[in-house]
Structure formats: C-alpha cells, structure tokens
Amino acid sequence: MQLYNTLSAKEREALIEAAGQERLTISFYQYAQIKNPQLFRNHLFINWNELDVLGRIYVAFEGINAQLSVPAEHFDAFKKHIDSISFLENVRLNIAIEQDNKSFLKLKVKVRDKIVADGLDDNTFDVTKIGIHVDAEKFNELIEDPDTVLVDMRNHYESEIGHFKNAITPDVDTFRDSLDSIEHDLRNHKEDKKLVMYCTGGIRCEKASAYYKHKGFKQVYQLEGGIIEYTRQVQNKNLENKFKGKNFVFDHRRGERISDDVIAQCHQCGKPCDTHENCANEACHLLFIQCEECAKAMDHCCSNACKEVHALPFETQKALRKGKTVSNLIFKKGRSEVLKYKK
C-alpha cells in the first residue's frame, strides 16, 4: 500500500494548475496521548492522500501539529474524517487569511519526538496546567494594561516582518532559545506582571504557558488560535487591529498580509520590504528579505558568490555539491554576514 509521495513538487504543481480548483490552506494542532504514532501516521496518510490533501504534518506521542492544503470540494469529507478521531473531534481549524493553491505541493506526515521542538523534559512539569486562553477582544484589552508584558513567542525572522505593538520580540533562532531568554529577562516580574503570549497559531504558547507557570509566573495568558485566529476575529467583529505588518507562515506563501504597514527592510539594500525569499542557489537556500529590484539584480540570490554558482549549468552545480553536506536554511535562521541590512 502506498504510504509515500509518488509525484515531485513540479508534477504536483502542474496538476493543481490543470485542475483549476480552489484549495484551502489550514493549520491545527492538538496535544493528546497517542500510543502508536507510526500507526496513526499511516492512517492519516492513507485517508488524506485519497482526499488529495497536501501539507506538512508532525505526529508524536504527545499529539499532532498539522499545516496542510485541502481541495475546497473535499473539505467536508476531510472534516468528517478528523471528527471521527476522538481527540480531534471539533478541533479548531485555523483557515488561512490569504489563500494560495500552491501553499503545499506534497503530503508529508512524519513521526517526531515532539510536535514542536521545545527541548523541554515534559516529565519535570505538568504540561496540562496551561495559561488562560483569551480571544481577540480580551487580548486587545490586556495589551493596553500597563501591568501587562506582551511577548512574541516566535523566532526573529517571523517577528521581523510583523508583530503586535509594544511586544517583546526576542532575537532568537529557536523556540527553545526564547523560553530561556524570556524567563531570564522577566525574572523580576513573575508575580506583579501579567505575562501575555502569542504565536502564529497557538501551539508554541500552549507549551510555553505551562512551562512559565511551572517557573513561577502567577498570571499567564495566551492568545487563542494565535495571530491567524486573531485576524479572523478582528475582521468578523470589526475590532481594532493591533498587529502591524505580515504574519510569517511556514508554507510556500511565507507570509500573510495583516496590515498595510511594512516594518522590515530588504536585507540587501535597506529599502522597506517584507518579502521573504530563499536563496536560489540550491546549496544555500538561505531565508532572507529581498525586494524586487535586488531579486532582479541578484538573480534571487543572497550574495554574489551564490549568484555565480546559480549561473552555472545545473549538472555543474550538482557536481560541486556532490559529497558535501548541503546547507538548507529554508524557514530557519536567516542570518548571514552577506546580508548588509539584516537587523
């Protein structure tokens, strides 16, 4: 039985274009005890492959973290399937604000040690004692409270292009780094301040809130559904939008426009810009911000060295990479000395 992709990304892209059908980009997560993650993984792949679901899904003993693309015509069948799984019945689905039929081009369901790499030993604290979930309206009230400390639980390349006003945005590369950094910086305010956290869809705050309560923070809050759900509620309830810029997303779109503000700059020329690209050099793939002018001048590369390699015949590039560990910085650090205007 097929339990893996048989089409390349290019082949899948061609099929999507030929079909001309609307697809929905969706994300969800759920912490739950899964006794046999591999068996569950296979179950998901078999059922979702039949529905032409594409995406990146992580399954672990502690639950599931899913980011995927579903044909609109198959959404009801997809929803019926996940509702048939006891711990996923009526799970909150974060539907993307900006849709793109090519947000995902393969179905990847992987078994991992954890659904989010947090580096924590879950046996040392009660992961079920989480913070208070708040909706967009309550969140807006809380972040205007002078006794509130608002913290962005995402990485530097995410908050760089968009964040809530007055938020602390740790200059970190990983979620694990942010946990230690925030605890250290706020160590004197564990009792007198309200710790309010947010992330993309809520999953990082779910674990972080329990961790910070374990570490002695008395008033811990988290934005329900993250930035994605916040934006939907702001639009549906006509609330004031306090998020500025773009929300970074982990698919081919790389970002959703939340406000018209452009708070970042091109890493190569310094011009206002918040468009993330991956270096076109297959041996690099560095994630960085690049404006249209620089993309044209640099052939979508991060440096002159990468531009020279990218200009070589494909077979020559392959030969240069042979036997070497290829750096792949897609959706990762986005730091390099060649980026003159990287903050």
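Accessible areas are those given by the Shrake-Rupley method with a 1.4 Å probe. On this basis, the protein chain of the predicted model exposes about 16800 Å², and carbon and sulfur atoms supply 48% of that area. Of the 343 residues in the chain, 50% count as buried.

The secondary structure of the protein chain consists of 11 helices and 14 strands. The radius of gyration is 21 Å, close to the 20 Å that the globule rule gives for 343 residues, and the chain is therefore as compact as a globular protein of that length. The C-alpha trace spans about 60 × 50 × 40 Å along its principal axes. Among contacts with a sequence separation of 6 or more, 70% are accounted for by residues 24 or more positions apart. With respect to charge, the protein chain carries 50 positive and 52 negative charges, and the mean positions of these two sets lie 4 Å apart.

Individual long-range pairs were then examined. N42 is located in helix α2, which comprises residues 37–50. With a relative accessibility of 18%, N42 counts as buried, because the cut-off for burial is under 20%. N42 and V109 are separated by 67 residues in sequence, while their C-alpha atoms are 8.1 Å apart in space. A second pair involves R154, which lies in the loop between β7 (148–152) and α5 (156–159). The relative accessible area of R154 is 0%, and this residue is buried. The C-alpha atom of R154 is 5.8 Å from that of C199, although 45 residues along the chain separate the two.

The cysteine residues were considered next. The structure holds zero disulfides. C199, the partner of R154 in the pair described above, takes part in no disulfide; its nearest cysteine sulfur is that of C205, at 3.6 Å. Since a disulfide requires sulfur atoms within 2.5 Å, the C199 and C205 sulfur atoms do not form such a pair. C199 is itself buried, with a relative accessible area of 1%. For C266, the closest cysteine sulfur belongs to C294, and the distance of 3.8 Å is too far for a bond. C266 is likewise buried, at a relative accessible area of 0%.

Methods:
Residues numbered from 1 in each chain as written. Predicted model: local features only at pLDDT ≥ 70, side-chain atom pairs only at ≥ 80, totals over all residues. Heavy atoms only, no water. Helix = DSSP H or I, 4+ residues; strand = E, 2+ residues; numbered from the N terminus. Rg over C-alpha atoms; globule rule 2.2 N^0.38 Å. Buried < 20%, exposed > 50% of the residue type's maximum accessible area, 1.4 Å probe, protein only. Contact = heavy atoms within 4.5 Å. Lys, Arg positive; Asp, Glu negative; His and termini not counted. Charge placed at Lys NZ, Arg CZ, Asp CG, Glu CD.
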